[in-house]
Amino acid sequence: MARYDGVYACGHEGSTQIYGPTKDRQWKADRHFERVCSDCWAEQTKKEGETAAAKAAEVGLPELTGSPKQISWANTIRSEIIKSVEAREGIRIFLRSGRFTEEHVEEALKGLRNENRAKWFIDRRNDHTAEIIGNLVGVEIY
């Protein structure tokens with residue numbers, strides 16, 4: 001274990017503790033300092049959440065329920081999920097094969113736009129677009 005000092009991508013100085021083989025530590029430290037510091041990351045995440053919340057209010061999406069941190073995070077996730085469904089990202093093969101129809105996609109969008117639980121979006125943050133649509137409309141994709 002060793003402590004490494006460095007400058008983050010945002011320009012702030014900091015230090016980190018690196019574990020593991022000595023030969024890998026400098027590489028790990030270099031990768032660590034390529035990111036922004038935790039304070040800047042938190043601020044950036046907060047701003048993204050506020051921007052997503054403002055856009056959601058603009059288009060008439062319901063206000064999310066949950067803790068303030070959940071709501072901030074889920075606003076960003078909801079925005080990304082809705083955008084990917086609207087763009088049909090990763091589902092064109094399902095549309096061509098007939099497993100999904102445009103009606104399924106529209107029904108899923110309606111469900112996404114009506115969902116108001118922050119936890120729901122957080123729980124599905126890593127799901128594929130096809131999984132989300134399939135779950136919302138009751139279509140098995142596998």
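**Exercise 1. Determine which residues A74 contacts, leaving aside its neighbours within four places in sequence, and establish whether A74 is buried or exposed.**

Solution.
1. Beyond those sequence neighbours, A74 is in contact with L64, A118, F121 and I122. The model examined here is predicted.
2. The residue belongs to helix α3, which covers residues 68-86.
3. The relative accessibility of A74 is 0%, so A74 counts as buried; the cut-off for this class is under 20%.
4. For a distance check, take E103: A74 and E103 are separated by 29 residues in sequence and by 26 Å in space, C-alpha to C-alpha.

**Exercise 2. Identify the residues that touch the most other members of the largest nonpolar core, and state which element gives the most to this core.**

Solution.
1. The largest nonpolar core holds 25 residues, and those touching the most other members are I81, V85, I91, F100, L112, F121 and I133.
2. Two or more residues come from each of α3, α5 (102-114), α6 (118-123) and α7 (129-137).
3. Helix α3 gives the most, with five residues.
4. Consider F100 in detail: not counting residues up to four places away in sequence, F100 touches I91, F94, L95, A130, I133, G134, V139 and I141.
5. A second core, separate from this one, has seven residues, including A2, I18, A29 and F33.
6. As a general tendency, nonpolar side chains in soluble globular proteins are buried together.

**Exercise 3. Locate R88, and decide whether R88 is buried or exposed.**

Solution.
1. R88 sits in the loop between α3 and α4 (92-97).
2. Its backbone phi is positive, about 60°, although R88 is not a glycine.
3. R88 has 15% relative accessibility and therefore counts as buried.

**Exercise 4. Compare the radius of gyration of the protein with that of a compact globule of 142 residues.**

Solution.
1. Begin with the secondary structure: there are seven helices and two strands, in the order β-β-α-α-α-α-α-α-α from the N terminus on.
2. The radius of gyration is 20 Å, whereas a compact globule of 142 residues would have a value near 14 Å.
3. The C-alpha trace spans about 55 × 35 × 20 Å along its principal axes.
4. Of the 142 residues, 35% are buried.
5. Among contacts between residues at least 6 apart in sequence, 57% join residues at least 24 apart.
6. The exposed area is about 9300 Å², of which carbon and sulfur atoms supply 50%.
7. Finally, the mean positions of the 22 positive and 23 negative charges lie 3 Å apart.

Notes. Residues numbered from 1 in each chain as written. Predicted model: local features only at pLDDT ≥ 70, side-chain atom pairs only at ≥ 80, totals over all residues. Heavy atoms only, no water. Helix = DSSP H or I, 4+ residues; strand = E, 2+ residues; numbered from the N terminus. Buried < 20%, exposed > 50% of the residue type's maximum accessible area, 1.4 Å probe, protein only. Contact = heavy atoms within 4.5 Å. Core = buried A, V, L, I, M, F, W, Y, C linked by side-chain atoms within 4.5 Å. Rg over C-alpha atoms; globule rule 2.2 N^0.38 Å. Areas by Shrake-Rupley, 256 points an atom, 1.4 Å probe, with all protein chains shown as cover. Lys, Arg positive; Asp, Glu negative; His and termini not counted. Charge placed at Lys NZ, Arg CZ, Asp CG, Glu CD.
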